[in-house]
Structures are given as C-alpha cells and as structure tokens.
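Work through the exercises below with the model open. Each task is followed by its solution.

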Amino acid sequence: MTGDGRPPLRAGLIGCGGISGNHLAGYRLVDQAELVACCDVIAEKAEDFARRAGIEAAYTDYQEMLTREDLDMVDICAVDEVHAEIAIAALQAGKHALIEKPLAMSAEEGQAIIAAARESGCKAMCAQSLRWQPKWRAIKQLIDDGRIGRPVYVRFSGPSTPFWTPDQIDAYRDRPAEWLLIHNGMHAFDLMAWLLDSLPVRVHARSHPGQEWLPVHEYVSCVTRFENGAIAHTEQNRIMQPPRYPLGNEIYVVGTQGTLDKTDRLTYTTSLYNDDGFRLLDAGSTYGLDDPDMPFACEIREFARAVIDDTEVPIPLETSLRVLKAVLAGAESMKTGEAVAIDA
Ligand SMILES: NC(=O)c1ccc[n+]([C@@H]2O[C@H](COP(=O)([O-])OP(=O)(O)OC[C@H]3O[C@@H](n4cnc5c(N)ncnc54)[C@H](O)[C@@H]3O)[C@@H](O)[C@H]2O)c1
C-alpha cells in the first residue's frame, strides 16, 4: 500500500538483462509500484528474473503480457531498438510506460510515443537515472541555490572501461558508428538540459572509432548550445582506459559568479569557488542498491506517484524528445563534421 492507503501500481518489466537487476532493487524499496510480471525474449532470463523477483508470471512475448488486465504499467528495460515499439504497444493497451533511455531511436518514434500517450490518456516517461544520483542532485542543488550565479558553461566527461571486447562483436556488429552517442549520450544531454534548465538547440560533434574491428565510435565529443545561450561540452569516452578502470564522471560548471568542479576520477572530490572563496564540499558520490533514495527507486517512485496522483511526470516526454533530437543531431554532425541545428 502507498503511504495514503492506495494500492500500488502493478508493473510488468520487459527486458531481463543487466539493468533489470537495478530496477528490481528499486521496486523492493518502493511502495507505489510492485512487480507482478516480467518478460524477455530469452525464456531463461525471464524465468530467472521472475525467481529473483518472487513473481509467478514470466513471458517471452510482451504482447501476451500486455493482455493482462491486472497490469497498470510496464517498465521497459529491453534493448534500445525496441523501446518505441514496446512503449507504443503498451500505451495502446492502456498501460503506463516507464521507458529506459534512450527514449527511442528516431524523432519520429519519439513523436509516436507522445501521440500514443496523448491518445491513451496514459503516462509515459523516459527513465533518466542520473537525475536521481546523489552527486548530480547535489550539483543541481548548488546551482539552484545560486551558489555560482547563472551557469553558462559545462564540461562533462564520462570515461569508463572499454565496453566492448571482440567476443561481444555479435551484439555490436550491426550497430552504427553513432550508436554510443544515442545510447549513452541521452544520459549526458539530459543531465546538461536539467542542470542548465534549458533545452539544446545546436550540436557540433567529433568522434573516433576506437578499435578497427568495431563499427561503433567509442569516443564522441559534442559542443552543444542551449536556448538560454549556455554551452555544454560533453564527452562519451569508452577508449584508452586500461581494463577495470573505474567508471566515473568529471564535471566543471562555470557560472556568472563562481565555478563547481567535481571529479570521480582518483579523488572523488567536489569543489566550489565563488565570492566566499574556495572550499571542498561533501557532495555524495556513491549510493547502495538498498539505499531508499537510490536512483532507480526514486525514478520508479516518482513516476508511479505521478500516475497515482494524476500529475505531470518528473521528466516530460517533450523534454526527452528534445534531448533525443539533440543526440540525433550529434549523430548527424559526426557524419558531416558540421554543426547541426535541432528542429524544435
Ligand atoms: N539508466 C541506466 O543507468 C542504464 C544502465 C544500463 C542500461 N540502461 C538501458 O537499459 C536497457 C537495457 O540495457 P541492459 O544493459 O540491461 O541490456 P541487456 O542487453 O543486458 O538486456 C536487454 C534485454 O532485453 C531483452 N530483449 C530484447 N528484445 C526484447 C523484446 N522485444 N522483448 C523482451 N525482451 C527483449 C534481451 O533478451 C536482453 O535480455 C538499454 O536500453 C540501456 O540503454 C540504462
């Protein structure tokens, strides 16, 4: 039961791969939604997830799962390329949809999700877990508190251990050069839009293929202009790190009255410089999967609350569509070498 005695939403999770475990941990911490079914095209994965979640119903066909009348919402954790198809089918079946990033693979697909949500009267949201990570919440709070004035420039980098090894080639052979930018850039671009409180309007990208045998470009650097004039420089970097190099981010935010600087790499520090001088801050870097406010619990909880209370979801679909258009503009810029304006 939710805090005010209303029943939780009954959720079906689709795509029982890597990230589904984090979502499962989230449901364990949330009163507003409970898992009642799951689905994966690979039966063993669906069955294993069902076992771990303590639920009976494991499907291999999401359409079949959608016929369940007792299902209120779906949580789409399947591979990027099927997000839109599943979200639209779920909305048309009268189910609310929480959709892992990226929202979709094209602007047309994103628009079709918005249309399906509008027509069905159901809610949908692209799950951007970074918005609920303690370290980004701390940075956002410092900005919103006016500690650096108005932010005008952000540099963000997300280096990590190489994602791909030759034995994984089957998974990546058919994915194009710009796939990493769409797959993970949606995180970075959404974070920038949130921190800068503005939407992207123009992107200029440069990329590097990384490894000869891999079509996906593993390094992508984008300079993005926002409606309010701010500029963000974002890097997706999956190359040139030794194996097991720690996953971490660096961010440098310049405001009209100060700067914020955060690095996970080596030192895990956050610093603030403004009129009051320079100081190191304790701005939470890590979280545990059993922390009640861990990001996946927060995004599920806040989405479910919006459904139950019939209020706006925390990340409107229109924002995610613009963010998607920004990464697609970056993908086009990777090919042409020219800056690309975003069709708002
Ligand atoms: N928010 C985050 O921090 C975060 C982190 C990792 C991944 N993700 C996103 O989550 C999604 C899944 O990522 P992952 O790392 O778990 O991938 P994964 O490849 O480990 O799992 C995806 C699963 O989807 C299943 N699947 C594919 N098509 C399906 C279909 N039509 N119906 C049902 N199941 C289907 C696959 O069999 C697989 O088990 C991706 O879109 C990714 O972008 C988000």
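Helices and strands here are DSSP runs, numbered from the N terminus; a helix has at least four residues and a strand at least two. The model is predicted.

**Exercise 1.** Find where Asp197 is located, then decide whether it is buried, exposed or partly exposed.

Solution. Start with the location: Asp197 is in the loop between helix H8 (179–196) and strand S8 (200–208). Next, check the backbone. Its phi is near 50°, a positive value in a residue other than glycine. Most residues other than glycine have a negative phi. Now count neighbours. Buried needs 20 or more other C-beta atoms within 10 Å, and exposed needs 12 or fewer. Asp197 has 15, so it is partly exposed.

**Exercise 2.** Repeat the analysis for Asp310.

Solution. Asp310 sits in the loop between helix H9 (295–309) and helix H10 (317–336). Its phi, near 55°, is positive. Asp310 has 8 C-beta neighbours inside 10 Å, so it counts as exposed.

**Exercise 3.** Identify the strands that pair with S10, and the sense of each pairing.

Solution. Take S7 (residues 151–159): it pairs with S10 in the parallel sense, over seven bridges. Ser157 has Glu235 as its bridge partner. Then take S9 (residues 219–226), which pairs with S10 in the antiparallel sense, over seven bridges. Here Arg225 is matched with Ile231. Finally, inspect the hairpin of S9 and S10. Four residues lie between the strands, and Gly229 has a positive phi near 95°.

**Exercise 4.** Locate the cis peptide bond between Lys101 and Pro102.

Solution. Read omega: about -5° for this bond. Then place Pro102, which lies in the loop between strand S5 (96–100) and helix H5 (107–120).

Key. Residues are numbered from 1 along each chain as its sequence is written. This is a predicted model: local features need pLDDT of at least 70, side-chain atom pairs count only at pLDDT 80 or more; totals for chains, interfaces and linings use all residues. Two strands pair if DSSP finds at least two bridges between them.
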